[in-house]
Amino acid sequence: MLAGVCGGIVATTVQLLLWGLFTDALPEIFFRDARLAAAIVMGARVLPPAEVSVAVMAAASAVHLALSAIYGLVLAVLIAPLDTRRALRVGAVFGVLLYV
């Protein structure tokens, strides 16, 4: 589970850095994605472009954290029987496929 949480934090950080380097849409694009994630639990009412509230950011963070933990648990089950070298390769492929 910890690996999934760490993966989620790293992915978010990399995504923010890439947005900052290659677009001038920050923070709008970040808030758009936060509203999309929050809509999973809060419904479509958070989707229209509007001010982002603490509740929306908390819901988006909770969804992101939960999905990261679930993906980490799935990966743990898949790589448990493998030796370290193979587990690292499977984990890398798993992470890339989830991010794409």
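Which residue forms a salt bridge with Asp83? The partner is Arg86, and the closest N and O atoms of the pair are 3.5 Å apart. This is a predicted model. The protein chain has four helices and zero strands. Its largest nonpolar core has nine residues, and a nonpolar patch of about 510 Å² lies on the surface.

**Overall fold**

- Read along the sequence, the chain runs α-α-α-α.
- The C-alpha trace spans about 50 × 30 × 20 Å along its principal axes.
- Of the 100 residues in the chain, 22% are buried.
- The chain exposes about 7000 Å². Carbon and sulfur atoms supply 74% of that area.
- Take the contacts between residues at least 6 apart in sequence: 29% of them join residues at least 24 apart.

**Nonpolar core**

- The largest nonpolar core is made of Ala34, Ala37, Ala38, Ala39, Met42, Val46, Val56, Ala59 and Ala60.
- Helix 2 (28–42) and helix 3 (54–79) each supply at least two of these core residues.
- Helix 2 provides the largest share, with five residues.
- Ala60 is in contact with Ala34, Ala37 and Ala38, once neighbours within four places in sequence are set aside. Ala60 and these three partners are listed among the core residues.
- In soluble globular proteins, nonpolar side chains tend to be buried together.

**Gly8 and its surroundings**

- Gly8 lies in helix 1, which covers residues 2–22.
- Is Gly8 buried or exposed? Gly8 is buried, because its relative accessible area is 5% and the cut-off for burial is under 20%.
- Not counting residues up to four places away in sequence, Gly8 touches His64 and Ser68.
- Gly8 and Tyr71 are 63 residues apart along the chain. Their C-alpha atoms are separated by 9.6 Å.
- Tyr71 also belongs to the nonpolar surface patch.

**Nonpolar surface patch**

- Leu67, Ile70, Tyr71, Val74, Leu78 and Leu98 make up the patch of about 510 Å².
- Helix 3 gives the most to this patch, with five residues.
- Leu78, one of the patch residues, is found in helix 3.
- Leu78 counts as partly exposed because its relative accessible area is 46%, which falls between the limits of 20% and 50%.

**Salt bridges**

- How many salt bridges are counted? The count comes to two.
- One joins the side chains of Arg32 and Asp33, at 2.6 Å from N to O.
- Arg32 is partly exposed, with 40% relative accessibility.
- Asp33 is partly exposed too, at a relative accessible area of 21%. Burial requires under 20%, so Asp33 at 21% does not count as buried.
- Another joins Arg86 and Asp83, with 3.5 Å between the closest N and O atoms.
- Asp83 has a relative accessible area of 38% and is therefore partly exposed.

**In brief**

- Helix 2 supplies five residues to the largest nonpolar core, and helix 3 supplies five residues to the nonpolar surface patch.
- Helix 3 also supplies at least two residues of the core.
- Gly8 of helix 1 touches His64 and Ser68.

Technical notes
Residues numbered from 1 in each chain as written. Predicted model: local features only at pLDDT ≥ 70, side-chain atom pairs only at ≥ 80, totals over all residues. Heavy atoms only, no water. Core = buried A, V, L, I, M, F, W, Y, C linked by side-chain atoms within 4.5 Å. Buried < 20%, exposed > 50% of the residue type's maximum accessible area, 1.4 Å probe, protein only. Contact = heavy atoms within 4.5 Å. Patch = residues over 30% accessible without salt bridge, like charges linked within 9 Å, V, L, I, M, F, W, Y side chains within 5 Å. Areas by Shrake-Rupley, 256 points an atom, 1.4 Å probe, with all protein chains shown as cover. Salt bridge = Lys/Arg side-chain N within 4 Å of Asp/Glu carboxyl O.
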